[in-house]
Each structure stands twice: as structure tokens, then as C-alpha cells.
Amino acid sequence: MSIIVKNLTHVYMPGTPFESTALKDINWKIEDGEFWGLIGHTGSGKSTLIQHLNGLLKPTAGEIIIDGENLHAKSARLKEIRQKIGLVFQYPEHQLFEETVEKDVAFGPKNMGLPEDVVGKRVREAIEQVGLNYDAVKDKSPFELSGGQMRRVAIAGVLAMNPEVLILDEPTAGLDPLGRDEILEEIVALRKKRNITVILVSHSMEDIARLVDKIAVMHRGKMIKQGSSREIFRDYKGLTSIGLGIPQITELMMRLRERGKDVACDVLTVEEARAEILKALRRKGSA
Amino acid sequence: MREITIGQYIPGNSAVHRLDPRTKIIVTLFYMILLFLLNNFQGYVFPVAFIVLASVLSGISIKYMLKGLRPLIFIIALTFILNIFMIKGRILYEIGPLDLTYEGLYQGAFMAIRLVLLIVGTSLLTLTTSPISLTDGIEKLLSPFKKLGIPAHELAMMMTIALRFIPTLLEETDKIMKAQMARGADFESGNIIKRAKNMVPLLVPLFISAFRRADELAMAMEARCYRGGENRTRMKELKMTSLDYMTYVIFSTIVLGALISRYLW
């Protein structure tokens, strides 16, 4: 499923003293199966942008084309598109409402009008995919669960609709390190298994560097950069000047290089850095 | 939902914004009384002059103030229509059993304008006064009645908190609505019963979060040793300035003019 964003502009509350331009002339192309990271300072327009991708917000100008179909044409079937493009909001556990976990996860597929048995199957799959024990939690009230478990249930609620594109707005905000790693691992596993497109909004440069292939950078409503993670994180000065950073390990390598060590500085993970440093040491040893 | 402008505050630093909230409340109160004392069209010159003056001084356009009328158009139209047909007098036109009278038309227009002026004039108060200073003003104005057992401080605090949470709850509603829409929820179609049922996925999370917020707020207030109004001092003491006295003089002139006009015109 490809998503093309063309010259997208969004203005909140136009014609009032509170008018503010949240998005300015955004162009973005998301191909089938890609794993994107969307980064930017708080208030840079990330959330506004992703809400356009499944038609929750209407652009003030510009258009969004999904598989060749204009999202804002009168003929667009928004319900179908929202099912194909699953959007997990920030703190999704705040949207839980049913008496049991099973019923809550079933809300999405039921709205799609699927038959009972298919809904049941999808609910089980989705709950297991987020790493919960289906039989143990299905009859519990979602409000008895821990914060991390609630979040998983909420994510399962979106997964149960079998989306082809999954957009996650800071899925790990407010979780402990273990819970954070588990959720991210589940996303990676899910992506491998179902081969879906994923867009991850995050403030953690470490997570972004470790997981995604491509990064889009937002700043004050504009998309100022997009490209492979390596390209993006090479620009240390540019990123810090807009209040963002680069992964600590990338920064370490940059500092080593500044001190005259012969290492490549576009590494993204600790493993890569280790290999790079060992290589440099060996070169030094043999010289 | 963001279309509603009644009760909205537009930040600014104009002369009207800087007035003591007590002045603005008192003036608004007398402005309302004045509207009901006027008995002919010519008299409306005075409140209109007052609104125009306030608009110029506060920098808030009359067009924006009129936006506040939108949700109330129905009530204004109803008043107009009822008056047209219910008042007996010289008949201009007959529609079935209903008589359109000259007096009715006059009275209908008179009432409709009164309502419009009422809404626009009172919205000026909230447009130019932040909720915090508004409740401060109410607290101060009510404090003489403490002896009669009216808990002025507590009332004002409750109002402050309620006002403070309106935008938060609106935002929350918007967010939850979108989250459920992303899961295929439908808030727009169906008959009344179906629609009410469809609101459950919105209302349950909204109530839960409202209670959670209330709980957190109570805790935070206690952690900062809040224990009611007794012996409480404030950071910003309300103070009447020459600006306020000038306002009273100008407003009294308008009221006097209006009262005299009752007998002259």
C-alpha cells in the first residue's frame, strides 16, 4: 500500500485569532513495506501529519493519495481506508472502554462488519501478537491490568483490524525500559510476519536508529529532511540545532573522529560501533 | 466543537483587558439591566455605542463578537417569529389562522435586537477577561456575603477549576473520538437510540479520564497545602485604577443618557 502526501498544508482554526499553521507544504512518499521513523520536536506537527494519513483530519490544501485513490475525494471510502491504515494514538490505553479485554479488542473488527467467528479469531491473534496470554486476560476488565498491559490491549485493538499500514504515535511513552523494549520487539516481529508498512513516531533516537530504515524530520510544521537513517544521523549539527539529537553511540563515534581517530561516524548501533572501533585499532596495530 | 466562541477568552493587553474584573462584571450587570429598561428603538443607540466603544478599545472586532450568536440563532429567530404572530394589533397580512401585525413586527424586531445586544455585550466580558481574573472578581464581589454563609472562595475555586478544564476536556473528547474513529466507530449516522449507543466508546473513557484528572488535581492541591480560603493571600491583588474610575464615569453617562431618552424620545 503506497501513501503519497502532496503539498499538504493544515491550518487550525482558520479565520480566528487562534489561527495557526500546523503543517506547511509537506511532500512525502511511503512505499509498500517500508519502515519509517518520524521525528521532530514537540509541537512540530507530527501528530497532525499522521492524523491526515487516514482521513481523521482534512487538509487545508494539498492532497493525500492512497493506492492511487485521493483520500479526500467525495467517493473515498474512509471507513475502509481507516481499517487498512491502523493508527495507534499516544497513550492509547486512554481509549479503552469495554467490560472485558476481548470485547474491547473486538470493537474494531466488529465495526468492520466481520462475522463472529472471524472476529474471534482476529481478537485471539491480535492479543497473542502483543505478547499477552489470551486465555488469561480475555475475560478481565481492561482497567484491572497494569499500564503496560493496557497499552498492549489498546495496540491489539488496532491490530485486530489487520491493517496494511501501522502508524504508532510514541508507543513507548511512559513505559519502563523492559516494557518499552518488549513493545518495540513485538512491532518488529509483526512487521516481519505480516510484511506491513510501519511508521513510528518517537523521541528516542536510539529506538529510531535501531529499528527503522528511513527517517523523516519535522520542524515547525515543515518536513525539513527525509532519507535513510544513516544519512539523517550524519547531520549532527542540523539535528541538534532544532532541538533533536542523534543516538549516543553515533555521537560517540563523531567525537572519536573529531579527536583524529580513523573511524566511520555513520554507525547506528553499538554492535556496528564495536566492529568499527576494533577495525581502527587493528589498523593502528598493523601500521 | 471548536466553533463555539461563547465564553472564550482572547488574550490581549488593551485598556479593556487591563480593567479590574470587578469593574467589568458590574458594568456588564448594569448593561443587562439597562437593556431591559429601554422601551423604544432609538434607545438602542446607547448600548450600541457602548459596544462599538468597547470593540475599538479592546481590539476585538464586532464581527468576531457576532460569531458568538451562531449557536443561539434559533432562539433569536423563535423569539422574533413568536412575537410577530402573538401580538394583536393592526393586521398587515393573514396566513391561515395567524395574523401578521404591525405591532408584532415592531415588537419582534425589538426583542430580537435586545437578545443580540444582550449576547454580544455579555460575551465582551469573557472575551476580554481571563477565567482566572474573572473568578477572582466574582470572589471579591461575593466576599461581603460571607457573613450570610455564602462560601465565596470555594465557589470561585470550583468555577476556576471547571473553567480551567473545559478546553482540556474538549481536547480529550476530540482525541478519544478520533481514536475510536480510527477503529471504525461511527458517531454521525443512525437514529437517536443508535447514536446514543455509539457514544459509549467515547463517554466511558472520557469519564474515566475526568475522574483520574480530578483525583490527581486534588492530590496536587493537597501536596501544596491547599486548605480553603481562610487566611489565603494572593499573588495578584485586585486594584481599581484610574482606568476603572473612568470606565464608571463613561458608563454612567451612557446609562443616564439612555434613561433620559426614555422620556425625551
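**Exercise 1. Strands β9 and β10 of chain A**

Find how many bridges join strand β9 (residues 214-219) of chain A to β10(A), and in which direction the two strands run.

*Solution.* Let's begin with the count: β9(A) is linked to β10(A) by six bridges. Next comes the direction, and here the two strands run antiparallel. To see one pair for yourself, pick A:K214, whose bridge partner in β10(A) is A:S228. Keep in mind as you look that this is a predicted model.

**Exercise 2. The sheet of six strands**

Work out the strand order of the open sheet of six strands in chain A, and name its edge strands.

*Solution.* Step one is to walk across the sheet, which gives β6-β7-β8-β3-β9-β10. Step two is the pairing, which is mixed. Step three is to look at the ends: β6 (85-88) and β10 (222-228) of chain A are the edge strands, each pairing on one side only. Finally, going from one strand to the next, the twist averages 15°.

**Exercise 3. The sheet of four strands**

Explain why one side of β2 (20-30) and of β5 (69-70) of chain A is left without a neighbour in the sheet.

*Solution.* First, write down the order of this open sheet in chain A: β2-β1-β4-β5, with antiparallel pairing. Now look at the edges: β2(A) and β5(A) each have a single partner strand, so one side of each has no neighbour in the sheet. For a closer look at β5(A), note that two bridges join it to strand β4 (residues 61-66) of chain A. In one of the pairs to look up, A:I65 has A:N70 of β5(A) as its bridge partner.

**Exercise 4. Two helices of chain B**

Decide how helix α2 (residues 21-37) and helix α11 (residues 242-264) of chain B lie relative to each other: roughly parallel or roughly antiparallel?

*Solution.* Start with the geometry: the two axes come within 11 Å and cross at roughly 5°. Angles under 35 degrees count as roughly parallel, and α2(B) and α11(B) are therefore roughly parallel to each other. Then list who takes part: α2(B) contributes residues including B:F30 and B:L34, while α11(B) contributes residues including B:F251 and B:V255. Sorted by type, the residues of this contact are eight nonpolar, two polar and one charged.

**Exercise 5. Where the chains meet**

Find which element of chain B gives the most residues to the side that touches chain A.

*Solution.* Begin with the totals: 17 residues of chain B contact 22 residues of chain A. On the chain B side, α8 (152-182) and α10 (200-223) are the elements giving two or more residues. Of these, α8(B) gives the most, with seven residues. By type, this side of chain B has 10 nonpolar, three polar and four charged residues.

Methods: Residues numbered from 1 in each chain as written. Chains lettered and ligands numbered in written order. Predicted model: local features only at pLDDT ≥ 70, side-chain atom pairs only at ≥ 80, totals over all residues. Contact = placed C-beta atoms within 7 Å. Nonpolar A, V, L, I, M, F, W, Y, C, P; charged D, E, K, R; others polar. Axes fitted to C-alpha atoms, helices over the stretch in contact; angles between N-to-C directions. Parallel < 35°, antiparallel > 145°, perpendicular 65-115°, else oblique. Pairing = 2+ DSSP bridges.
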